[in-house]
Amino acid sequence: MVTTAKSVNALWGAKVGVRFVALYLCVFVPFLVGALLSATEVTNWLLVALICAAYMAFWTALSLYVGRHSSHAPTIASGLIAVWIAVAFIIPIVGDKLIKQQILSPKGNDILLTQRESVNDAWDLPVADTMQAFIKTHPEYSDYKSDVVGFDWKWYYAFQQLGDQAAADLSEQYRDASSAMYQKAGYLAWIAPPILFQRYMTRLANTDALAAFAYEQDIRDFHQQLRHFYYPWLFIHTDFDKAQLEQLPKFGSLKVRPHSSTP
C-alpha cells in the first residue's frame, strides 16, 4: 500500500507538472514571439517570464493546498473562487476606498477651474496690476513692463502665467497625494497577488503611475523651456529672428526611468 501511495503521489505530481508547463507555454510563447518581433530587451522579457512563472506557481500551490484538504469538487471550486474574488476584487476595492479616505486630494476639475477663473478675471483687471504681479516672479523683466498699454501680448502671456501660478499649490497637493496613494497601494498589493502582478508588469512597461508622474514632469519642464525661450522676445527684443527657431526646445519622448524593485 505504501508503494501504491507513493506511485499515486508521483503520478499526480507529474500530471501537475505537465499541466503547469503546458499552461505556462500557452501564455508565454505568444508573448515571447511578440517580444522578439518588437526587439524587446532580453532582460525585460526574462523578468516577465519569471514574474509569470511565480504568479502561476502561487495559484498552482494554492489549488494543491485546497485540494489536499478536501475531496469534494464543489467545495474546492467554491473555495478557490472565493479566494480569487477576495484578492482580485474585494481587497483592492476596499483598500482603494480606505486609502482615499486617509489621503485627501484636490480634484482635477478644481485645479482647472482655479486656473481658468484666474485667467478670465485678468481680462477685467488693470493691465498695470497684472504686470506688477507677473514681475514679482519674473524680476528680470521689470524694466519692460511700463510700455504695456491696453492689449499687448506681454500682458496676455503674463496673466496666463499668473493663472498657472494661482493653481500651482493645488497642483502640487494633487501630485503629492497621488504619489502617496500609489505608495500605500503598493503595500496593499502584497496581500492581493493579482494587483502585485499588475504593478510589476506596468512598472516593466513604464505604463504605471510612476511613468505618468515622470511624463507630467517632462511636460512641465518643456513648458518652462518654451517660456524661457519666448519671453525674451516678448519683453526685450523688438524683431523676431526666424533663425532663432533652430534653437526652439523640442519635446522628446518619455524618458525611460530605471526599473524599481518596489512595485
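This passage walks through the helices, aromatic contacts and backbone oddities of a predicted model.

The overall picture is quickly drawn. The chain is built from nine helices and has zero strands, so the run of elements from the N terminus reads α-α-α-α-α-α-α-α-α. Of the 263 residues, 27% are buried. The accessible surface adds up to about 17,500 Å², and carbon and sulfur atoms account for 64% of that area. As for how the chain meets itself, take the contacts between residues at least 6 apart in sequence: 74% of these join residues at least 24 apart.

Helix 3 is a good place to start on the details. It covers residues 73-102, and its 30 residues should span 44 Å at 1.5 Å a residue; the end C-alpha atoms turn out to be 42 Å apart, which agrees. There is a bend along the way, of about 40°, at Ala-86. The buried residues of helix 3 are Leu-80, Val-87, Ala-88, Pro-92, Gly-95 and Ile-99. Their packing partners are helix 2 (42-68), helix 7 (168-189) and helix 8 (193-205).

Helix 7 can be put through the same kind of check. With 22 residues, helix 7 reaches 31 Å from its first C-alpha to its last, close to the 32 Å expected at 1.5 Å a residue. Buried in helix 7 are Ser-171, Ala-177, Ser-178, Tyr-182, Gly-186 and Ala-189. The cover over these buried residues includes helix 4 (108-122), helix 8 and helix 9 (209-235). Tyr-182 also has a charged partner: the charged end of Arg-199 sits over the Tyr-182 ring, 4.0 Å from the ring centre.

Aromatic rings come up often. A search of the whole structure turns up 24 aromatic pairs. In one of them, the rings of Tyr-55 and Trp-59 have centres 6.3 Å apart and planes at 80°; with the angle over 60 degrees, the pair is therefore edge-to-face. Tyr-55 and Trp-59 are four residues apart in helix 2, so about one helical turn separates them. The two fall on either side of the 20% cut-off for burial: Tyr-55 has a relative accessible area of 22% and is partly exposed, whereas Trp-59, at 18%, counts as buried.

Another pair joins Phe-229 and Tyr-230. Here the ring centres are 5.0 Å apart and the planes meet at 85°, so this pair is edge-to-face too. Phe-229 counts as buried because its relative accessibility is 11%, while Tyr-230, at 34%, counts as partly exposed. Elsewhere, ring pairs go on to form a cluster, linking Trp-123, Trp-153, Trp-155, Tyr-156, Tyr-157 and Phe-159.

Phe-229 and Tyr-230 also feature in a contact with the segment after helix 9, where Leu-248 lies. Leaving aside residues up to four places away in sequence, Leu-248 touches Leu-226, Phe-229 and Tyr-230. Leu-248 and Leu-226 are 22 residues apart along the chain, yet their C-alpha atoms are separated by 7.5 Å. With a relative accessible area of 25%, Leu-248 is partly exposed.

Two loop residues stand out for their backbone angles. Most residues other than glycine have a negative phi. Ala-39 goes the other way, with a positive phi near 60°. Ala-39 sits in the loop between helix 1 (2-37) and helix 2. Its relative accessible area is 65%, which means that Ala-39 is exposed. Asn-206 likewise has a positive phi, near 55°, and lies in the loop between helix 8 and helix 9. Asn-206, however, is buried, because its relative accessible area is 15% and the cut-off for burial is 20%. The two loops thus offer a positive phi in an exposed setting at Ala-39 and in a buried one at Asn-206.

Definitions and conventions. Residues are numbered from 1 along each chain as its sequence is written. This is a predicted model: local features need pLDDT of at least 70, side-chain atom pairs count only at pLDDT 80 or more; totals for chains, interfaces and linings use all residues. Side-chain values use heavy atoms; hydrogens and water are left out. Helices (H or I, at least four residues) and strands (E, at least two) are DSSP runs, numbered from the N terminus. The expected span of a helix is 1.5 Å times one less than its number of residues. The bend at a residue is the angle between axes fitted to the seven residues ending there and the seven starting there. Buried means under 20% relative accessible area, exposed over 50%, partly exposed in between (1.4 Å probe, protein chains only). Contact means heavy atoms within 4.5 Å. Accessible areas come from the Shrake-Rupley method with a 1.4 Å probe; for residues, only the protein chains shown count as cover. Rings of Phe, Tyr and Trp (its six-membered ring) pair if their centres lie within 6.5 Å; planes under 30 degrees apart count as stacked, over 60 as edge-to-face and the rest as tilted. A charge sits over a ring if NZ of Lys or CZ of Arg is within 6 Å of the ring centre and within 35 degrees of the ring normal.
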